[in-house]
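Colleague: Could you take one part of this protein and go through it closely for me, explaining your terms as you go?

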Amino acid sequence: MRAPALSAICFLLTSTLVAAQTLPTTAPAATLPIPEAAAQTRARSMIHTIFKDDFAKTTPAGRQALARRLIVEAAGTKDDPAARYVLLADGADLAASAGDAPTALNAITDLARLYAVDALD
């Protein structure tokens, strides 16, 4: 019975060592603060107005398409940090609700790269 437990411990230690070797060793680039709630509210209102027809689609495919579109728009939004934040956050939420984990993860990764957020939160 000790052999399986020892094997499991060895596997966990090896996995931890391999994972530690793949972590970045440089300090992360400076990130922007999370926009204030009022700025997010204004940005979200503007985004919902612009994409009103897309937000009206409630099917998973419609939510997935909107999520991808919002994330693309975020990539092109350089001059409005609040709008870019909301585009990414809403894109991640929509992708997750549509069952599109890869798209949600991409948006979350962009949020963590650009803003002072905890990607695991």
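Modeller: What follows is a close look at helix α2, with a little about the whole protein around it. This is a predicted model, in which local features need pLDDT of at least 70 and side-chain atom pairs count only at pLDDT 80 or more, while totals for chains, interfaces and linings use all residues. Residues are numbered from 1 along each chain as its sequence is written, and side-chain values use heavy atoms, with hydrogens and water left out.

The secondary structure comes to 6 helices and 0 strands, where helices are DSSP runs of H or I with at least four residues, strands are runs of E with at least two, and both are numbered from the N terminus. Helix α2 covers residues 37–50, and its 14 residues should span 20 Å at 1.5 Å a residue, which agrees with the 20 Å between its end C-alpha atoms; the expected span is 1.5 Å times one less than the number of residues.

The buried residues of α2 are A39, Q40, A43 and I47, buried meaning under 20% relative accessible area, exposed over 50%, and partly exposed in between, with a 1.4 Å probe and protein chains only. Seen down the axis of α2, these buried residues fall within an arc of 95 degrees, so they line one face of the helix; the arc is that of the directions from the helix axis to the C-beta atoms. They pack against α3 (52–55), α4 (60–76) and α5 (81–97), whereas the face turned away from the buried side of α2 carries the exposed residues A37, T41, R42 and T49. In the protein as a whole, 29% of the 121 residues count as buried.

Methods
Contact = heavy atoms within 4.5 Å.
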